[in-house]
Every structure is written in C-alpha cells, then in structure tokens.
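Hi there,

Here is the structure I promised to pass on. Please have a look at it with the notes below beside you.

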Amino acid sequence: MTKLSELGPPNLGRPHGSEPAAEVHHFYVCPNCGQLIDRRDLRQVIWHQNPQHERLEFDS
C-alpha cells in the first residue's frame, strides 16, 4: 500500500466558485476502490485517476 506522504508534499488546488455549504462536499468516493478522496488535494485526485491504483494509506 502506498502512503499519502510518499506522493510528495500536499498539492492544494485553487478553489473555483463559491465554497461548498458543508465540509462533506469536499470529498467523493473513488468508484474503483471505494476510498474517500479529498478533492482539495490534487495528489489524491490524480492517484485515483489510474484504474489500476491501490488504496492510499494515510499517515496518521
């Protein structure tokens, strides 16, 4: 399993549009592995674009 920290430092994208009404709207479930992904962290989004990826292990 790959650790999130192994993907490098956080790569936070610039927000577009208004902020979501709730924190939960920053996340989505990966259709391939079922892991919850934070849309604000580009490392996570790109990792889960590969259909053959494995789940990420979070560092804490």
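What follows is a short tour of the cysteines, two histidines and the largest pocket.

Before anything else, please keep in mind that this is a predicted model.

**The cysteines**

I began with the disulfides, and the count comes to zero. Cysteine 30 is in no disulfide, and the nearest cysteine sulfur to its own belongs to cysteine 33, 3.8 Å away. Seen from the other side, cysteine 33 is in no disulfide either, with the sulfur of cysteine 30 as its nearest, at 3.8 Å. Why does this pair not count? A disulfide needs the two sulfur atoms within 2.5 Å, and these two are 3.8 Å apart.

The two cysteines also fall into separate classes of accessibility. Cysteine 30 is buried, because its relative accessible area is 2% and buried means under 20%. Cysteine 33, at 21%, counts as partly exposed.

**Histidine 53**

Both cysteines turn up again around histidine 53. This residue sits in the loop that runs between α1 (42-47) and β4 (56-57), and it is buried, with a relative accessible area of 13%. Leaving aside residues up to four places away in sequence, histidine 53 touches Cys30, Asn32, Cys33, Trp47 and His48.

Which residues offer polar atoms to the side chain of histidine 53? One is histidine 48, whose side chain makes a polar contact with that of histidine 53 at 3.0 Å. Another is asparagine 50: its backbone oxygen lies 2.5 Å from a polar atom of the histidine 53 side chain.

**Histidine 25**

Histidine 25 is also a loop residue, placed between β1 (2-3) and β2 (27-29). Its relative accessibility is 46%, so it counts as partly exposed. With residues up to four places away in sequence left out, histidine 25 touches Pro20 and Arg39. If you would like a distance to check on screen, histidine 25 and aspartate 38 are 13 residues apart in sequence and 9.1 Å apart in space, C-alpha to C-alpha.

**The largest pocket**

Finally, the largest pocket holds about 280 Å³ of space. It is lined by 14 residues, and those closest to its centre are Pro15, His16, Glu19, His26 and Arg40. What is the character of the lining of the largest pocket? Its residues divide into six polar, five charged and three nonpolar.

Happy to go through any of this with you.

Best wishes

Methods:
Residues numbered from 1 in each chain as written. Predicted model: local features only at pLDDT ≥ 70, side-chain atom pairs only at ≥ 80, totals over all residues. Heavy atoms only, no water. Buried < 20%, exposed > 50% of the residue type's maximum accessible area, 1.4 Å probe, protein only. 1 Å grid on protein atoms, 1.4 Å probe; cavity = no way out; pocket = protein on both sides within 12 Å on 5 of 7 lines; lining within 4 Å. Points joined across faces, edges and corners; volume = space filled by probe spheres on them. Nonpolar A, V, L, I, M, F, W, Y, C, P; charged D, E, K, R; others polar. Helix = DSSP H or I, 4+ residues; strand = E, 2+ residues; numbered from the N terminus. Polar contact = N/O pair within 3.5 Å; in protein donor to acceptor, adjacent residues only side chain to side chain. Contact = heavy atoms within 4.5 Å.
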